[in-house]
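Some terms used for protein models rest on cut-offs. How do such terms apply to this one?

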Amino acid sequence: MRPNQHWHLFCLATTWWTLFFILGLPSNYFQTTPLWLITVFGEIVPAVALGYFGWRRCARAPQHAWRSAMWIAFYMSVPLFAFDYLYLAVHQQRGWAFFETHWYLTAFYIIPWLLLPPIALHVRQRNQIVGG
């Protein structure tokens with residue numbers, strides 16, 4: 001990937017986190033949000049959006065689908081973890097306990113790594129069949 005693509009993914013992840021953070025401020029970063037609401041809008045909807053984004057990105061260059069998927073997974077998990085760690089563990093002094101109290105964040109550090117590799121494999125296999 002070119003440097004500007006890395007920068008784009010980092011900015012996208014940062015924007016995603018910032019939006020999620022701002023939306024979560026009134027509810028103590030979603031601690032008082034009903035379970036069904038955080039599951040749907042904190043896990044399922046973002047996972048579907050990430051899957052679609054990953055599929056589109058991998059389909060642009062099927063020969064590099066795996067590499068693209070790994071970079072997207074990295075940028076959609078590692079910076080988000082770093083931001084959450086700084087806010088929750090350091091600023092709010094929760095330490096590593098935020099992994100449990102904010103389980104919906106912890107789940108989303110893993111989702112990109114589980115979701116994007118199968119998408120990349122599917123794109124590559126589909127391209128091999130179509131490409132002959």
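The questions below concern two pockets and a nonpolar core in this predicted model.

Q: What makes Trp-16 a lining residue of the largest pocket?
A: A lining residue has an atom within 4 Å of a pocket point. Trp-16 is listed in the lining of the largest pocket, together with residues including Phe-20, Phe-41 and Pro-46, so it meets that cut-off. The volume of this pocket is about 200 Å³.

Q: Which helix supplies the largest share of the lining of the largest pocket?
A: H2 does, with 6 residues. Helix H1 (3-24) and helix H2 (35-60) each give at least two.

Q: How are the residues of that lining divided by class?
A: There are 10 nonpolar, 2 polar and no charged residues. Gly-42 and Thr-33 are in the lining; both count as polar, because Gly and Thr are in neither the nonpolar nor the charged list.

Q: What makes Arg-57, Arg-60 and Arg-67 the charged residues in the lining of the second largest pocket?
A: Arg counts as charged, as do Asp, Glu and Lys. This lining has 3 charged residues, with 3 polar and 2 nonpolar. The pocket holds about 180 Å³ of space, and H2 and helix H3 (65-75) each supply at least two of its lining residues.

Q: How do you know that Leu-116 is buried?
A: Leu-116 is among the residues with the most contacts inside the largest nonpolar core, which has 31 residues. Core residues are buried by definition, so Leu-116 has under 20% relative accessible area. H6 gives the most to this core, with 9 residues.

Q: What does Leu-116 touch, leaving out residues up to four places away in sequence?
A: Leu-116 touches Leu-50, Gly-54, Ala-69, Ile-72 and Ala-73.

Note on methods:
Residues are numbered from 1 along each chain as its sequence is written. This is a predicted model: local features need pLDDT of at least 70, side-chain atom pairs count only at pLDDT 80 or more; totals for chains, interfaces and linings use all residues. Side-chain values use heavy atoms; hydrogens and water are left out. On a 1 Å grid over the protein atoms alone, a cavity is a set of points where a 1.4 Å probe fits but cannot get out, and a pocket is an open set with protein on both sides within 12 Å along at least five of seven lines; lining residues have an atom within 4 Å of a point. Grid points are joined across faces, edges and corners, and a volume is the space filled by probe spheres set on the points. Helices (H or I, at least four residues) and strands (E, at least two) are DSSP runs, numbered from the N terminus. A nonpolar core is a set of buried Ala, Val, Leu, Ile, Met, Phe, Trp, Tyr and Cys residues joined through side-chain atoms within 4.5 Å. Buried means under 20% relative accessible area, exposed over 50%, partly exposed in between (1.4 Å probe, protein chains only). Contact means heavy atoms within 4.5 Å.
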